[in-house]
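Hi everyone, thanks for making room for me today. Let me put the structure up on the screen, and then we can walk through it together.

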Amino acid sequence: MDKTVTAARKRSPAGLIILVLAAIILALLPLVIQGYWIRVITSLFMYAAMAEALNLVVGYAGYAAFGNGVFFGIGAYMTAILMTHYKWGFFPASAISGLTAMLIAFILGWPVLRLRGHYFAIATIGINMAVMEIVTYVGITGGGKGISLPLYPGDIVKQGMFFYYSMFILMLVSIAITAWIVHGRLGYGLRAIKTQPDAAEVMGIDTTLYKVYAWSISALITGIAGSLNAYWLTFLEPIYVFDIMISVEVFVMVLLGGPGTILGPILGAFFLKLLSELVWSQFTLIHMGVLGLIIVVISLFLPAGLMGLLRQAGRWRRTAPQSLGNR
Amino acid sequence: MDWQVIINGLLLGGLYGLAAIGFSLIWGVMNIVDLAQGAYLTLGAYITFWLFNLWGVDPFLTLPISALVLFGLGYLIESQIIKRVLRYGLVMMLVVTYGLNLLLQNAMLVAWSADYRSVTPAYSGAGLVIGGASIPYIRLALFIAALLLVGLLTFFLSRTRMGNAIRATSLNRLAASFVGVRTDFIYALTYGLAAATVGMAGSLISMVYTVSPSLGGTFMTKIFVVTVLGGFGSISGAVVGGLILGVTEALTASYVAPGLMNAVSFIMLVLILIFRPQGLFGKQFYGVTN
């Protein structure tokens, strides 16, 4: 464990340079591309931020938050209600939406995060469905008919830029928060909980508190992503924003990239979204099935994700060929 | 109190119970939350629909066929896919079973379209009236069929050699393998059996619900609630959980608001998980904890 941490620290300058370069390229990209691709990459950033947020709970704490999309929906609906019924501006509405999601996670976290394994996963699915049903039922949300948000003021190009850079910043922030958590006390605590929850408890870690922190931060980021997405699409329906498929897709991104790594989920999100955009955006009928197939293939052949594959490749290069056999 | 509401709830609850048994069994024996159960249920419903529609086979007579097809499919999926992913832990299992669900559901969508279809045997209209409450024969027959299947499964698990092997494996896989149980085979058998059970539930359900590829998704959420209510791994728990859910839904729909029916059952799910994660009836039948 110690060795891998120091190794990661040593390697980080090169990784950091690549990361900064990638960020600069993505920041300048709107000078070259437009329209359709701006939209595609904006949604890519959104999913990357959500994958990174989920990674905190799934990858680091080892808790299968299968219904994390509920915070996406809560953020979206909070923004919609504040902007349409109370005429708030977007930024305060978005901030409150993120904080609401965070608060809900914080409150629900105390009882729910005491559950282990399958119980927690099913509880999060239950929460997701319950909130969806309530939002559909309550009048202020527009119910099953949905709700329309005010349009972004300004022309379509400006609008595109606004959401591109907002989602971009959200993604960078989610990476920064994860990196900060991972190298701090909370990160060590979470990894201890993942490896051996009882031992972590004995060592003096308030395990529930740590998990609640991680889930709340995850909810904050997911909630703001939902809020931005609501303002971007300007129309919401419970069945769309609380769709369990959103959670599942983000889950797959985390697993594909590599849970418990800082850049894995981002990589996973880019890979899966680009693949889906390039390869099967025209075949909408089998879109779901192909996603299912990809999931099965990943689980069978790539259980440690893309980052795991990279690491494996690095290890083989360094120690080849005598230790190829042991694993 | 309106007896009609309670009776409707109970009759539906029997089906919920049967539908949840496979899920509960897999959880209890293999420690897997199997999100693909919904797709097996849908497939069972389609098997009945097509046999009835194309060859006029009586829906009740399609049960064995449904069971056989789904047992085969379940056995195949366990031995080819699930078995290989088991060691990567529960997060991976959740995702892979959901992936299978998507794949199967999509395959049915492509093959048979999203059209709503229904199975309507000649006797589906009639019913009997007892003390002011009317009971459609078909619902009663479904309820009885569901209970009979539950009885059959209980008998198999408690009285046959193979059933005992399944229970032994669920208590302790390693110990079971020491005394000569082929646990790999038992896992595949359990999974196939669970798929067959939920498939038969789907066959029964097709007679009172419209059949479409999304049928399983609706029932999946009910399966969660029923299993958590009854305590996972327990067959009798699943039946009682199913009855409770059926009655709760019927009461909510007629006395609170039809729109809140699902919300109430999901809130119930979360509350029970928080306060009584072992289910309403305490002791688990099978041994796996966590």
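I'll talk about chain A as a whole, then a helix pair, then two residues in chain B.

Before anything else, keep in mind that this is a predicted model. So how confident is the predictor about chain A? The mean pLDDT of chain A is 84, and 92% of its residues reach 70 or more. The ends need some care, though. Over residues 1-10 of chain A, pLDDT stays under 50, and the model has zero contacts there beyond four places in sequence. At the other end, residues 322-327 of chain A also stay under 50, with one contact beyond four places in sequence.

Okay, what is chain A built from? You'll find 14 helices and two strands in it. Its radius of gyration is 20 Å, close to the 20 Å from the globule rule for 327 residues, so chain A is as compact as a globular protein of that length. If you lay the C-alpha trace along its principal axes, you get about 65 × 50 × 35 Å. Of the 327 residues in chain A, 48% are buried. And here's one on how the chain folds back: take the contacts between residues at least 6 apart in sequence, and 79% of those join residues at least 24 apart.

Now for the helix pair, one helix from each chain. Helix H5 of chain A, residues 117-137, and helix H9 of chain B, residues 215-230, have axes that come within 11 Å. They cross at roughly 125 degrees. Anything over 115 and up to 145 counts as oblique, so H5(A) and H9(B) are oblique to each other. The crossing is left-handed. Which residues make the contact? From H5(A) we have A:Ile122, A:Ile125, A:Gly126 and A:Met129, and from H9(B) there are B:Thr221, B:Phe224 and B:Val228.

Last stop, backbone angles. Most residues other than glycine have a negative phi. In chain B, B:Asn31 has a positive phi, near 60 degrees, and B:Ser113 has a positive one of about 60 degrees. Where do they sit? B:Asn31 is in the loop between helix H1 (3-30) and helix H2 (37-55) of chain B, while B:Ser113 is in the loop between helix H4 (90-112) and strand E1 (127-130).

And are they buried or exposed? B:Asn31 has 21 C-beta neighbours inside 10 Å, so it counts as buried. B:Ser113 has 12 inside 10 Å, so B:Ser113 counts as exposed.

Technical notes: Residues numbered from 1 in each chain as written. Chains lettered and ligands numbered in written order. Predicted model: local features only at pLDDT ≥ 70, side-chain atom pairs only at ≥ 80, totals over all residues. Helix = DSSP H or I, 4+ residues; strand = E, 2+ residues; numbered from the N terminus. Rg over C-alpha atoms; globule rule 2.2 N^0.38 Å. Buried ≥ 20, exposed ≤ 12 C-beta atoms within 10 Å, placed from the backbone. Contact = placed C-beta atoms within 7 Å. pLDDT = per-residue confidence, 0-100. Axes fitted to C-alpha atoms, helices over the stretch in contact; angles between N-to-C directions. Parallel < 35°, antiparallel > 145°, perpendicular 65-115°, else oblique. Left-handed = near helix turned anticlockwise from the far one by under 90°.
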